[in-house]
Amino acid sequence: MAKVNGNINASDRVDIRNEGSLTGDVVAQRISIEDGAYFKGGIDIRKPAASEVKASEVAKAAVATPVHV
């Protein structure tokens with residue numbers, strides 16, 4: 001079981017799995033919280049900048065690593 005106390009700032013996605021625990025704020029483009037996971041904090045969903053969207057269309061192979069809790 002992973003346990004995080006503190007804020008997370010991710011470039012793409014945060015996954016909180018069923019045995020995970022996160023106490024803190026999350027800034028990310030996407031977030032997933034499975035049944036059974038514990039989360040206490042705020043969520044700020046950020047859209048990618050226009051330059052990031054254009055770059056991802058050109059280079060689909062560049063993928064940000066998800067953060068798993």
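Of the 69 residues of the protein chain, 20% count as buried, a figure that, like every other value in this report, refers to a predicted model. The chain exposes about 4800 Å², of which carbon and sulfur atoms supply 51%. Among contacts between residues at least 6 apart in sequence, 19% join residues at least 24 apart.

The secondary structure comprises one helix and nine strands, and, read from the N terminus, the elements follow the order β-β-β-β-β-β-β-β-α-β. Three of the strands form an open sheet with parallel pairing, in the order β2-β5-β8. The edges of this sheet are β2 (8-9) and β8 (43-45), each of which pairs on one side only. Between β2 and β5 (residues 26-28), the parallel pairing extends over two bridges, and Ile8 stands opposite Val26 in β5. In general, strands of a sheet pair through backbone hydrogen bonds, either parallel or antiparallel.

Both Ile8 and Val26 also belong to the largest nonpolar core, which has eight residues in all and further contains Ala10, Val14, Ile16, Leu22, Ala28 and Val69. Strands β3 and β5 each supply at least two residues of this core. Val14, one of the core residues, is in contact with Ile8, Val26, Ala28, Arg30, Ile31, Ser32 and Val67, once its neighbours within four places in sequence are left aside.

Two buried polar residues, Asp15 and Ser21, can be set side by side.

| Residue | Strand | Relative accessible area |
|---|---|---|
| Asp15 | β3 (residues 13-16) | 10% |
| Ser21 | β4 (residues 21-23) | 9% |

Asp15 counts as buried because its relative accessible area of 10% falls under the 20% cut-off. The side chain of Asp15, which lies in strand β3, makes a polar contact with the side chain of Arg13 at 2.5 Å.

The same reasoning applies to Ser21, which is buried because its relative accessible area is 9%, under the cut-off of 20%. Leaving aside neighbours within four places in sequence, Ser21 is in contact with Ala2, Lys3, Val4, Tyr38 and Val69. Among these partners of Ser21, Val69 is also a member of the largest nonpolar core.

Notes: Residues are numbered from 1 along each chain as its sequence is written. This is a predicted model: local features need pLDDT of at least 70, side-chain atom pairs count only at pLDDT 80 or more; totals for chains, interfaces and linings use all residues. Side-chain values use heavy atoms; hydrogens and water are left out. Helices (H or I, at least four residues) and strands (E, at least two) are DSSP runs, numbered from the N terminus. Buried means under 20% relative accessible area, exposed over 50%, partly exposed in between (1.4 Å probe, protein chains only). Contact means heavy atoms within 4.5 Å. Accessible areas come from the Shrake-Rupley method with a 1.4 Å probe; for residues, only the protein chains shown count as cover. Two strands pair if DSSP finds at least two bridges between them. A polar contact is a pair of N or O atoms within 3.5 Å; within protein, one must be able to donate a hydrogen and the other to accept it, and residues adjacent in sequence count only if both atoms are side-chain atoms. A nonpolar core is a set of buried Ala, Val, Leu, Ile, Met, Phe, Trp, Tyr and Cys residues joined through side-chain atoms within 4.5 Å.
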